[in-house]
Amino acid sequence: MENERKKKRPKKAELEPKRRSAPDVVYTQPEPLDRKKLFIRLATVAAVVLALFLGFSIFFRVDTIVVSGAQKYNPWTILEASGIEEGEGLLTFGKAKACAKITEALPYVKTVRIGIKLPGTVKIYIEEVAVVYAAQDEGGGWWLITSDGRIVEKTNADKAKEHTLLRGFRLTQPEVGKQAHVAEQNPDATNASGEEIIVTVTNKERLDTALEITTWLERNEILGGVSVLDVTDMGDIELWYGQRYQVLLGGPSDLDRKVTMMEQIICGENPPDTGILDLTFKDKKGEVIYRPFE
């Protein structure tokens with residue numbers, strides 16, 4: 001019996017699976033590059049792309065131009081400034097170039113977007129400057145300027161009073177459509193009250209500070225409410241909100257906070273009738289001090 005069991009018991013070698021021999025790796029040398037075939041394929045692809053492009057250019061042309069958002073300029077003026085002509089290829093007239101032409105030629109335009117609607121419509125979306133401010137040049141002439149320092153129009157003293165007057169600097173060689181520049185020397189030696197001041201800052205700093213304040217006025221939606229902004233004395237900046245409030249801003253620090261607090265008081269539920277709002281934060285609490293006019 002034991003002999004039979006010994007005969008039936010498989011050997012250890014028989015229990016192990018048979019290993020397959022690894023296939024031989026055969027290296028086949030790649031076929032040489034057929035430059036002629038490659039050139040033909042590239043030429044075919046290029047021809048198809050060119051045919052599609054020409055097809056779009058031929059069948060999709062500008063036949064309608066729609067202008068929206070413009071108030072200061074009429075659609076024809078904007079169309080002329082863009083340089084887009086009816087009949088030219090809808091996909092080839094150059095949107096970026098047309099936008100640049102409009103903003104360069106029309107200073108009241110803030111932003112431009114151009115869209116295309118097949119088969120032949122061009123849509124021009126215009127955003128104009130919401131409010132402008134008045135500043136004087138070295139000769140006493142008045143110019144209208146945006147909060148980002150772009151000169152949009154020459155005006156006279158009467159029309160300048162319809163806008164916020166920026167005092168404390170004089171523009172040098174202003175030009176419509178260009179950025180405002182000021183001379184380094186200080187043209188004024190007195191503040192709005194006629195008191196002499198010591199010049200410790202440049203006109204460029206005064207201009208930049210005035211434009212920063214106008215930017216915060218716009219962000220707080222106080223558009224056109226300020227009649228005068230005086231940065232002559234950079235340690236004692238002040239503005240007038242119409243004839244109701246004289247607002248003392250002190251130095252050029254925390255202007256965003258000061259303008260925001262001014263707006264909350266003036267446009268709040270129970271604003272004071274008239275008087276002085278002191279936002280110089282001279283007290284340690286940093287609160288607004290209100291004083292009625294004497």
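This briefing covers the sheets, the largest pocket, the cysteines and a few loop residues of the structure above. The model is predicted. Nine strands make up one open sheet with mixed pairing, and three strands make up another open sheet, also with mixed pairing. The largest pocket has a volume of about 230 Å³, and zero disulfides are found in the whole structure.

**The nine-stranded sheet**

- The strand order in this sheet is β6-β5-β4-β7-β8-β9-β10-β11-β12.
- The edges are taken by β6 (151-155) and β12 (289-291). Each of these two has a single partner strand, so one side of each is left without a neighbour in the sheet.
- On average, and with direction ignored, neighbouring strands of this sheet are turned by 25 degrees against each other.
- Strands of a sheet pair through backbone hydrogen bonds, and the pairing can be parallel or antiparallel.

**Strand β4 and its two partners**

- Strand β4 spans residues 133-137, and five of its five residues are buried. A residue counts as buried when its relative accessible area is under 20%.
- β4 runs antiparallel to β5 (residues 142-145), and four bridges join the two strands. Within this pairing, Q136 stands opposite W142 of β5.
- The hairpin of β4 and β5 has four residues between the strands. In this hairpin, G140 takes a positive phi near 95 degrees.
- β4 is also joined to β7 by four bridges, and these two strands run parallel. Here D137 stands opposite L171 of β7.

**Strands β7 and β8**

- β7 (residues 164-171) runs parallel to β8 (residues 226-230), with three bridges between them.
- R167 has D230 in β8 as its bridge partner.

**The three-stranded sheet**

- The order of the strands in this sheet is β1-β3-β2.
- β1 (64-68) and β2 are the edge strands, and each pairs on one side only.
- Neighbouring strands of this sheet are turned by 20 degrees against each other on average, direction ignored.
- Five bridges link β1 with β3, and the two strands run parallel. V66 stands opposite K123 of β3 in this pairing.
- In a regular strand the side chains alternate between the two faces of the sheet.

**The largest pocket**

- Which residues are closest to the centre of the largest pocket? They are K110, V129, A130, S147 and E218, out of 14 residues that line the pocket.
- Strands β2 (109-117) and β3 (121-128) each contribute at least two residues to the lining of the largest pocket.
- The lining contains six nonpolar, two polar and six charged residues.

**Cysteines**

- A search of the whole structure for disulfides finds zero.
- C99 has a relative accessible area of 15%. This value is under the 20% limit, so C99 counts as buried.
- C267 has a relative accessible area of 47%. Exposed requires over 50% and buried under 20%, so C267 counts as partly exposed.

**Positive phi outside glycine**

- E221 is not a glycine, yet its phi is positive, at about 60 degrees. E221 lies in the loop between α7 (203-219) and β8.
- Is E221 buried or exposed? At 70% relative accessibility, E221 counts as exposed, because the limit for exposed is over 50%.
- F281, also a residue other than glycine, has a positive phi near 55 degrees. The place of F281 is the loop between β11 (275-278) and β12.
- F281 has 15% relative accessibility and therefore counts as buried.

**P272**

- P272 lies in the loop between α8 (255-266) and β11.
- The relative accessible area of P272 is 19%, and the residue is buried.
- P272 and R291 are 19 residues apart in sequence. Their C-alpha to C-alpha distance is 9.6 Å.

How values were computed. Residues numbered from 1 in each chain as written. Predicted model: local features only at pLDDT ≥ 70, side-chain atom pairs only at ≥ 80, totals over all residues. Heavy atoms only, no water. 1 Å grid on protein atoms, 1.4 Å probe; cavity = no way out; pocket = protein on both sides within 12 Å on 5 of 7 lines; lining within 4 Å. Points joined across faces, edges and corners; volume = space filled by probe spheres on them. Nonpolar A, V, L, I, M, F, W, Y, C, P; charged D, E, K, R; others polar. Disulfide = S-S within 2.5 Å. Buried < 20%, exposed > 50% of the residue type's maximum accessible area, 1.4 Å probe, protein only. Pairing = 2+ DSSP bridges. Axes fitted to C-alpha atoms, helices over the stretch in contact; angles between N-to-C directions.
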